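Work through the exercises below with the model open. Try each task before reading its solution.

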Amino acid sequence: MAQVYRSGQPYGTGLPARMTPHEVRTRTFAARRRGVDPLQVREFQARVADELTDLHQRFRLLSRENDRLRRALRDWQTMHARECRPPHAGHW
């Protein structure tokens, strides 16, 4: 769980911490007697890190697009609200 500090105390956000491509690339594992090929592990780590980098970039792009659309909708709603007359807008 990701930790955010407020007033010096950890405050859980409920979201898991994001893994960075750098963490994937630099992660080391303990050697075992019947382990795996270290070269294959490094190649796999590189592939995972590259995909993670791509996902992070797509996420940032989609977040910016989402913000743009949200602003455009808010602007349209504001403009539309100013142009529309309220129902029964007459003398009471």
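**Exercise 1. Find what share of the residues is buried, then list the elements in order.**

Solution. Of the 92 residues of the protein, 7% count as buried. Buried means under 20% relative accessible area, exposed over 50%, and partly exposed in between (1.4 Å probe, protein chains only). This is a predicted model: local features need pLDDT of at least 70, side-chain atom pairs count only at pLDDT 80 or more, and totals for chains, interfaces and linings use all residues. Residues are numbered from 1 along each chain as its sequence is written, and side-chain values use heavy atoms, with hydrogens and water left out.

Next, the elements. The protein has two helices and two strands. From the N terminus on, they run β-β-α-α. Helices (H or I, at least four residues) and strands (E, at least two) are DSSP runs, numbered from the N terminus.

**Exercise 2. Compare the span of α2 with its expected span, then name its buried residues.**

Solution. Start with the length: α2 has 46 residues. The expected span is 1.5 Å times one less than the number of residues. That gives 68 Å, and α2 reaches 67 Å from its first C-alpha to its last, close to expectation.

Now the burial. Gln-45, Ala-49 and Leu-52 are buried in α2. An α-helix has 3.6 residues a turn, so residues three or four places apart point the same way. The cover over the buried residues of α2 includes α1 (21-26).

**Exercise 3. Decide whether Gln-45 and Asp-50 are buried or partly exposed, and trace their surroundings.**

Solution. Take Gln-45 first, in helix α2 (residues 38-83). Its relative accessible area is 6%, so Gln-45 is buried. Leaving aside neighbours within four places in sequence, Gln-45 is in contact (heavy atoms within 4.5 Å) with Val-24, Arg-25, Arg-27 and Phe-29. A polar contact of 2.6 Å joins the side chains of Gln-45 and Arg-42. Such a contact is a pair of N or O atoms within 3.5 Å; within protein, one must be able to donate a hydrogen and the other to accept it, and residues adjacent in sequence count only if both atoms are side-chain atoms.

Then take Asp-50, also in helix α2. At 44% relative accessible area, Asp-50 is partly exposed. His-22 is 28 residues away along the chain, yet the C-alpha atoms of Asp-50 and His-22 are separated by 9.8 Å.
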